[in-house]
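Reader: I'm new to this one and would love a close look at a single part. Could you walk me through the aromatic rings and how they sit with one another?

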Amino acid sequence: MAGGGGEVFFVSHAGADRAWAEWVAWQLEDAGHRVELDYWDWGAGDNFVLKMRDALERGCLLALFSRAYFEPGRFTEEEWSAVVAARDRLVPVRIDDAEVPRLFRPILAPSLVDLEEEQARRVLLEAVAGPARPGSAPAYPGRAGGRLRSMGGTGPRLPGSLPRVWNVPARNADFTGRDELLVQVRRALADRSRVAVRALRGRGGVGKTQLAIEYAYRFAGEYELAWWIAAEEPALVGPQLAALAVQLGVAAPDHVAEEACAALAAELRVRGRWLLVFDNAEDPAALAPHVPAGSGHVLITSRSPDWYGHAVPVEVDGLARAESVALLRTRVPHMAGTDAERVAQAVEDLPLALVQAAALLAEGLTPAQYLGLLKEKISAVAAEGRPHSYPHSLAAQVRLSTQHVAAASPEALSLLHALALLAPEPFPLHTCTHAASGVSDALAELLTNPIRVHKVLRVLAGQGLARVQGGTIQVHRLTQALVRDQLTPSEHSAGTRAADTLLATAAPDSATDPQTWPTWSALLTHLLAPDPRDLTTLRARYAAREACWYLMDRGNASTALPRLQHLHHDWAEQLGPDHHDTLWAANHLARAYDDTRDHSRARDLDEDTLARRRRVLGADHPDVLATASNLAIRLAAVGEVERARVLGEDTLVRQRRVLGEDHPNTLRNASNLAVRLSEVGEAEQARVLGEDTLARQRRVLGGDHPDTLRTASNLAVRLAAAGEVEQARLLCEDTLVRQRRVLGGDHPDTLRTASNLAVRLAEVGEVEQARVLGEDTLARRRRELGEDHPDTLITASNLAADLAAMGEVERARVLCEETLVRQRRVLGEDHPGTLTIASNLAVRLAEVGEVEQARVLGEDTLARRRRVLGVDHPDTLRTASNLAIWLGEVGEVEQARVLGEDTLIRQRTVLGEDHTNTLRTASNLAVRLARVEEVERARVLCEETLVRQRRVLGEDHPDTLRSTRLLETLQGDTD
């Protein structure tokens, strides 16, 4: 294939072959061809695939065949798809002895392997020009001058050849991966619009030095000289540069170092194509005078992050997981891929740790044994298997860095030891602003002084032991484990006190305040980490248990439960069962039991806590009253609703007297009592108390406080129960909007309101909206709470009702049956929630024509509800009303009439004559009366009911329309 002068050659290559791509591109341009090489010609933000396709439309693809080129997943697969149908536009060249895939074997690919530079140039240009017989004698290649050469340009040497001036350490034959990072460094250094000084920055053992060595070898052809300077000791940098000056002939061996360095700087300013590598430089200011100006390139390796203003930092982190696995399996061929994954994860893909692990595994240690030892004896494991290419093992490296920290700043050492005993996630040091008694005075004082804190952080970051970013400090998991394992007993004790200080001064005042949630979220893993016995101050112990409350408020009680069990058990042993912190841990643990559906255990623990607090503090102490309020909730959860109501009322009277009517704790208990009143059928009292509590909370706490929103959500249920369905819907909609904004769409309180709003929408006839919201809420609850959580099951049951109203009766029945099975298994057959779903399933069965099954289930549910809730409870009466319908439909019309009349009388007494449930029962009773030939009585009842429904529900409500049709039928029968 001939390449005309107007055509463009797009050089297609893998990242690992960047040096070859640059050499090829330079040779083609020198020969007069137009070339596009992505990082030469394409700017940041350009669409790679579009630019490549545009280049192919204007020219040809010159592909550099290599092992790396044919690795699976390379971007070049997209390039092949663009040219596979036009092989005449493809010019392949082989740059190593890799096996070519079967698809490309018929294509002739000239090889540049093991050729001298001029011979390789000739083979390349012949491949581009295509086969042709020469018309004249070829020019002697040794004297040929290309276009770029004629302009004074000097191109790169053939990749793999080393410059004459060279002292770079030996290349690591086992170097693995890092292709993308090497290309990134090459692009950055070759970008002439920016200063060509780059600092490879990262923690110890991450492979910065090895990366710099590999870069020097891989791109050696780009340089006429490459010089390596060991820069850990600033005083030794000058003599090493002076040695380079001697090599270049710009200084005599007997010149003083300062004069030689000055001569070298002058030479490098006018010379191009040079590379200096300053390895392990830790003091940017001390190195700065030694960094030359000019058009060459400077690489710096360092653990320090403070290179801004001196060099552009390039962050070096662990290997990509695939690279880690490849490294391990190359050195330990028999190792399974899954085992390699586990080991790589355990050592955080840190190259030094990977190489040391591979050495131990190759010597016979199994992956399981290695991982076990890593947990139990990390310092011993990390001291073994040091490769020759590293000066220290990982364990020794961390120990030396820690010693440097100790020499530089005792305060930094104290902070490092504290962080070693917390979680490996970033610690929000900027939140350590709260006063706390009994903490470490020295560290607490340090935390109040931002200037001193900044200096301490620089020490830790400068040794590569921590990463500082955005007000947080993070010690990597592996480093943290090594520092922790290397602590002496006295250092561990001091570190424990320092960790206690960090937690005590960082924790906000309350986990229920939305303003504090970002801080609790950032602190959470750290508060879950310490041994409970190591928390020595009141403030730190408060923070530890409040973090669990934060978890439970977000529906994560299963995570909080084991931690609270640990706190309660250890503090009871350490501090005593009646200690303030032990009893608060018990208080939180009881909620965790309740939230994880262990209601009896929750009740028993709260009863014990209440008895202890009453004995220690007295009956009217605020902590005692808080426990009593919680116990009322636990009693209701186990079905002791009357006892719960009595305790709630007594507690509210005491709180109003002791704390005042508007105290947040008083209002919280009042809100809970409104729920208890509703549960025992006192719907009107519940509504009145709920309205009063909501008004007070809005005034005291604000309309968006979580407690206020919880009360509003509950009040909406009360309003609906009282027949005020439109008001209930409006309040529910407003509450949901606020909760989504304040708490988030997946918060348990938000989802509870959303579930209730779906019911409200169905009640006002907006069934499609109810179904959409119900399906969304069910999906969120299943994801956040799990399939078997009671709240999830309630939403599923409600959604079944919406599906039935939309005509999807079979789907509704299946969902309801599945939900009832789960509810019976989770809560038991007599739990109020189970009985609600059983009652709903009976309705679904009737809707699909299984009336006899509906009657049987309805009778069983009614009997259970009468026993558990009482005969006059609104839920009991709702089941009785439905059962009356099914009795009539199976021919037991007299029983249906008697049950319907009894239910109507009770509902009028309990709920009122205008309640929606009362009106629905009245309408259904009219049907029953007509079937026993009491048509006139049925007509009168239906007329009266229709008047009330039109006033309460509106003309277009489904219940109103149903009664209208019934009345028309009855009037026809009467006529």
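Author: Here's a stroll through the ring pairs, followed by a couple of charges that sit over rings. Keep in mind that this is a predicted model. Searching the whole structure turns up four aromatic pairs. One of them joins tryptophan 20 and tryptophan 23, which meet edge-to-face, with 5.9 Å from centre to centre and 85° between the planes. The planes count as edge-to-face because that label takes any angle over 60 degrees. Both of these tryptophans belong to helix H1, which covers residues 18-30, and they're three residues apart, or about one turn of the helix. As for their surroundings, tryptophan 20 and tryptophan 23 are both buried.

Another pair brings together tyrosine 215 and tyrosine 223, and this one is tilted: the centres are 6.4 Å apart and the planes make an angle of 55°. Are these two tyrosines buried or exposed? Tyrosine 215 has 1% relative accessibility, so it counts as buried. Tyrosine 223 comes in at 2%, so it counts as buried too. The cut-off for that word is under 20%. There's also a phenylalanine in the picture, since ring pairs tie Tyr215, Phe219 and Tyr223 together into a cluster.

Now for rings with a charge over them. Arginine 554 lies over the face of tryptophan 517, 4.1 Å from the ring centre. Likewise, arginine 613 is placed over the face of tryptophan 584, with 4.2 Å to the ring centre.

Technical notes. Residues are numbered from 1 along each chain as its sequence is written. This is a predicted model: local features need pLDDT of at least 70, side-chain atom pairs count only at pLDDT 80 or more; totals for chains, interfaces and linings use all residues. Side-chain values use heavy atoms; hydrogens and water are left out. Rings of Phe, Tyr and Trp (its six-membered ring) pair if their centres lie within 6.5 Å; planes under 30 degrees apart count as stacked, over 60 as edge-to-face and the rest as tilted. Helices (H or I, at least four residues) and strands (E, at least two) are DSSP runs, numbered from the N terminus. Buried means under 20% relative accessible area, exposed over 50%, partly exposed in between (1.4 Å probe, protein chains only). A charge sits over a ring if NZ of Lys or CZ of Arg is within 6 Å of the ring centre and within 35 degrees of the ring normal.
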